[in-house]
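Visitor: I am new to this one. Please show it to me, and then let me ask how the labels are earned.

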Amino acid sequence: MPPPEQSSILTFEGARRVVADHAAQVSCSETETVDLLHSAGRILAEPIIADRDFPPFPRSTRDGYAVRASDLTSLPAKLKVIGEIKAGAVHKEIPPIMNPGETYSIMTGAPVPQGADAVVMVEYTSQKNGLVEITRAVSPQENIVAPGAEANRADLLVDFGTRLTESAIALAASVGKSKLNVFLRPRVAILTTGDEIVPIDSVPGPSQIRNSNTYSLAVQVQQAGGDPILLPIAPDEPRRLRKLIEEGLQSDLLIMTGGVSMGRYDLVEQVLADLQAEFFFTGAKIQPGKPVVFGRAQCGSRSCESGRVARPGGQAPASKNAYSYFFGLPGNPVSTMVTFELFARPMLEALAGMRPYPLTFLHARLKSEIRVKAGLTRFLPAIISGKYEDSHVELVRWQGSGDIAARSRSNCYVVIPSDREHIAPGEWIAVMLR
Ligand code: AMP
Ligand code: MG
């Protein structure tokens with residue numbers, strides 16, 4: 001166990017705050033250039049700036065007729081059709097010019113002519129013999145997006161530190177970037193512990209369990225933007241465990257599972273304490289995942305010299321006192337998944353160069369009542385279902401935090417605040433997707 005002065009069990013919010021404070025101190029310095037098509041999910045290391053006004057010309061949002069709103073004061077109005085403006089067409093003047101009493105037939109995405117101040121939808125028109133009859137009035141600017149209304153030239157469109165989604169990639173494409181500078185993925189060592197845990201390709205003995213945590217964690221690490229490094233399974237034996245922890249501390253982040261509870265063979269904290277680790281918390285008042293541990297330790301010699309994650313203050317790591325952050329997640333597979341999402345993910349995202357963002361929950365109506373003891377913030381596997389505004393959520397039956405089958409039948413977690421003991425059917429309740 002860590003020295004008693006370093007043992008602390010925090011509330012859920014307190015533990016999140018501690019992680020956020022440390023996450024704010026790390027920064028990511030090394031970058032690489034990737035093709036736009038391969039940039040999804042990566043963290044942007046350069047700002048995306050508008051290279052022109054968006055839109056660059058007054059853009060029609062409808063197929064119809066470009067008009068002066070004042071020409072339509074008495075209806076039906078008849079206007080002279082002097083031509084057609086199609087998206088992308090080249091005109092003598094851009095935009096072309098139009099006089100009172102005249103109109104252009106215009107297509108969605110085409111530049112609205114000078115002199116027009118609105119577009120009437122084609123549905124309210126009929127064209128015959130070079131004239132169009134219009135049966136509906138429009139307000140000035142209706143169905144037109146003014147130049148620069150979406151963004152002005154030189155505006156910041158996407159800031160660095162943003163995860164590249166399809167909309168950010170669309171913006172990069174629209175300013176002509178076929179390659180993007182992104183932060184390197186942090187290397188995240190995954191170490192699972194326990195004498196009963198065996199590799200997935202072996203036949204487990206009657207009291208053995210195949211290692212599932214390494215694989216669920218590897219996926220979560222990848223989805224959060226890290227590069228998982230899978231270490232061998234550590235036995236509940238201090239010397240081998242210490243060797244593997246030392247190896248793991250050479251990565252940018254070490255995530256361990258198992259061996260952090262109160263059992264006689266839960267040795268992870270003891271070994272970390274022997275390595276002079278600092279502990280920021282050794283438990284959080286949550287269910288599942290109460291024994292979760294967060295801290296940092298010196299990361300030995302070799303690879304820290306080439307470590308690419310700058311340490312507090314944004315400085316490159318000094319090899320002598322460089323350290324790595326670690327999480328000890330409880331071994332029960334659902335606890336491992338939940339505590340990764342709640343605590344390891346924000347630290348990993350910071351190491352990946354991502355700007356912090358608050359944890360947000362959706363809300364849904366509870367289907368069947370929940371009764372629990374107050375004191376823990378709970379994240380219980382649940383199923384959210386229903387359509388449109390009528391979504392409701394219900395806990396899945398489970399056998400506790402070892403029940404991955406129940407977790408995989410669920411599609412969210414219901415979040416129960418620590419001061420609640422009874423939640424009635426029909427109440428709105430917070431839901432965490434993932
Ligand atoms: P521990 O946190 O070491 O007390 O483990 C709690 C429970 O999680 C025990 O039932 C373990 O067998 C199980 N467990 C620990 N590590 C893993 C793993 N890598 N894969 C699947 N189950 C695990
Ligand atoms: Mg164990």
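Visitor: How do you know that the span of helix 1 agrees with its 12 residues?
Guide: This is a predicted model, so everything here is computed from it. Helix 1 covers residues 12-23. At 1.5 Å a residue, a span of 16 Å is expected. The end C-alpha atoms are 16 Å apart, so the two agree.

Visitor: What makes R163 and E349 a salt bridge?
Guide: The cut-off is a side-chain nitrogen within 4 Å of a carboxyl oxygen. R163 and E349 meet at 3.1 Å, N to O. R163 lies in the loop between strand 13 and helix 2, and E349 in helix 7, so the pair ties together parts that are 186 residues apart in sequence.

Visitor: Why is R163 called buried?
Guide: Buried means under 20% relative accessible area. R163 has 17%, so it counts as buried. E349 has 4%, so E349 is buried too.

Visitor: Which residues are linked with R163 in a network of salt bridges?
Guide: The network links R163, E341, R345 and E349. Within it, E349 and R345 have their closest N and O atoms 2.8 Å apart. These two are four residues apart in helix 7, about one helical turn.

Visitor: Why is R187 called partly exposed?
Guide: Partly exposed lies between 20% and 50%. R187 has 22%, so that label applies. Its side chain meets D252 in a salt bridge at 3.2 Å, N to O. D252 is buried, with a relative accessible area of 1%.

Visitor: What makes strand 18 and strand 20 edge strands?
Guide: Each has a single partner strand, so one side of each is left without a neighbour in the sheet. The open sheet has six strands, in the order 18-15-19-25-23-20.

Conventions. Residues are numbered from 1 along each chain as its sequence is written. Chains are lettered from A and ligands numbered from 1 in the order in which they are written. This is a predicted model: local features need pLDDT of at least 70, side-chain atom pairs count only at pLDDT 80 or more; totals for chains, interfaces and linings use all residues. Side-chain values use heavy atoms; hydrogens and water are left out. Two strands pair if DSSP finds at least two bridges between them. The expected span of a helix is 1.5 Å times one less than its number of residues. Buried means under 20% relative accessible area, exposed over 50%, partly exposed in between (1.4 Å probe, protein chains only).
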